[in-house]
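Please work through the exercises below with the sequence and the three-dimensional structure at hand. Each task is followed by a solution in steps.

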Amino acid sequence: MWTDGACKGNPGVGGWGAWMRYGEHERELFGGEALTTNNRMELTAVIEGMRALTRPCDVTLHVDSQYVMNGVTSWLVGWKRNGWRTGGNKPVKNQDLWQALDAELARHSVRWVWVKGHAGDPGNERADELANRGVEKVRAET
């Protein structure tokens with residue numbers, strides 16, 4: 001699975017995309033919001049991709065977001081332990097999405113792979129295209 005988020009303005013119109021591949025099977029997901037942030041769209045892409053899996057799976061998840069990668073691999077355990085407070089005792093930003101992501105991750109075995117965005121990774125480029133389709137969908141609806 002490859003995921004990406006996009007935002008035109010930050011905050012602004014945002015989109016998210018997820019491209020999933022298993023053997024010869026592929027699935028594309030995308031959507032967006034009229035007023036959001038890039039970080040929220042990056043998180044939403046992962047959440048929606050994971051929600052689309054109908055049974056527990058072994059997932060290799062490619063993201064280009066340091067925010068998502070660091071959140072999951074370094075910060076999440078501490079946030080939960082501290083009652084969703086940061087090390088500086090401030091509320092965790094995007095707590096609603098982090099909690100939704102945490103619940104989805106509990107269903108699956110996930111191997112996280114960070115990829116550099118816009119650097120030619122075919123899956124990342126496809127996820128980026130889907131995220132931008134999400135932006136265009138929102139613009140067409142408003």
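The exercises that follow concern a predicted model and treat charged pairs, aromatic rings, nonpolar cores, the backbone and cysteines in turn.

**Exercise 1. Charged pairs**

Task: Determine how many salt bridges the structure contains, and describe the pair formed by Glu 26 and Arg 126.

Solution.

Step 1. Side chains of opposite charge can pair when their charged atoms come close. The cut-off applied here is a Lys or Arg side-chain nitrogen within 4 Å of a carboxyl oxygen of Asp or Glu. The count under this rule is nine salt bridges.

Step 2. For Glu 26 and Arg 126, the N to O distance is 2.9 Å, and the two side chains therefore satisfy the rule of within 4 Å.

Step 3. Next, locate the partners. Glu 26 belongs to strand 3 (residues 25-36) and Arg 126 to helix 4 (residues 122-141); with these positions 100 residues apart, the pair links distant parts of the chain.

Step 4. Assess the accessibility of each partner. Glu 26 has a relative accessible area of 47% and is partly exposed; Arg 126, at 26%, is also partly exposed.

**Exercise 2. Two further salt bridges and a network**

Task: Compare the surroundings of the salt bridge between Glu 104 and Arg 107 with those of the salt bridge between Glu 136 and Arg 139, and then identify which residues are joined into one network.

Solution.

Step 1. In the pair of Glu 104 and Arg 107, the closest N and O atoms are 2.5 Å apart. Glu 104 is buried at a relative accessible area of 11%, whereas Arg 107 is partly exposed at 31%.

Step 2. In the pair of Glu 136 and Arg 139, the corresponding separation is 3.3 Å. These residues are three positions apart in helix 4, so about one helical turn separates them.

Step 3. Glu 136 is partly exposed, with 44% relative accessibility, and Arg 139 is partly exposed, with 40%.

Step 4. Through shared partners, salt bridges connect Glu 26, Glu 28, Arg 126 and Arg 133 into one network.

**Exercise 3. Aromatic rings**

Task: State how many aromatic pairs are present, and decide whether the rings of Trp 79 and Trp 98 are stacked, tilted or edge-to-face.

Solution.

Step 1. The structure contains five aromatic pairs.

Step 2. The ring centres of Trp 79 and Trp 98 lie 5.1 Å apart and the planes meet at 65°. An angle over 60 degrees is classed as edge-to-face, so this pair is edge-to-face.

Step 3. Trp 79 is in helix 2 (residues 66-81) and Trp 98 is in helix 3 (residues 95-105), 19 residues apart, and the pair thus links distant parts of the chain.

Step 4. Both partners can be classified by accessibility: Trp 79 is buried at 10%, and Trp 98 is buried at 0%.

Step 5. A cluster of Tyr 67, Trp 75, Trp 79 and Trp 98 is linked by ring pairs.

**Exercise 4. Nonpolar cores**

Task: Identify which residues have the most contacts inside the largest nonpolar core, and which elements each supply at least two of its residues.

Solution.

Step 1. The largest nonpolar core has 31 residues, and the most contacts inside it belong to Val 46, Trp 98, Leu 101 and Trp 112.

Step 2. At least two residues of this core come from each of strand 2 (12-22), helix 1 (38-51), strand 4 (58-63), helix 2 and helix 3.

Step 3. Leaving aside residues up to four places away in sequence, Val 46 touches Thr 3, Leu 61, Val 63, Val 68, Leu 101 and Trp 112.

Step 4. A separate second core has five residues, among them Ala 6, Val 13, Ala 131 and Val 138.

**Exercise 5. Backbone and cysteines**

Task: Locate the cis peptide bond between Asn 10 and Pro 11, classify Asn 89 and Asn 94 as buried or exposed, and state how many disulfides are found.

Solution.

Step 1. The cis bond joining Asn 10 and Pro 11 has an omega of about 20°. Pro 11 sits in the loop between strand 1 (2-9) and strand 2.

Step 2. Asn 89, not a glycine, has a positive phi near 65° and lies in the loop between helix 2 and helix 3. Asn 89 is exposed at 51% relative accessible area.

Step 3. Asn 94 has a positive phi of about 65° and is likewise not a glycine; its place is in the loop between helix 2 and helix 3. Asn 94 is buried at 16%.

Step 4. The search of the whole structure finds zero disulfides. Cys 7 is buried at 18%, and Cys 57 is buried at 19%.

Methods. Residues are numbered from 1 along each chain as its sequence is written. This is a predicted model: local features need pLDDT of at least 70, side-chain atom pairs count only at pLDDT 80 or more; totals for chains, interfaces and linings use all residues. Side-chain values use heavy atoms; hydrogens and water are left out. Helices (H or I, at least four residues) and strands (E, at least two) are DSSP runs, numbered from the N terminus. Buried means under 20% relative accessible area, exposed over 50%, partly exposed in between (1.4 Å probe, protein chains only). Rings of Phe, Tyr and Trp (its six-membered ring) pair if their centres lie within 6.5 Å; planes under 30 degrees apart count as stacked, over 60 as edge-to-face and the rest as tilted. A nonpolar core is a set of buried Ala, Val, Leu, Ile, Met, Phe, Trp, Tyr and Cys residues joined through side-chain atoms within 4.5 Å. Contact means heavy atoms within 4.5 Å. A disulfide is a pair of cysteine sulfur atoms within 2.5 Å.
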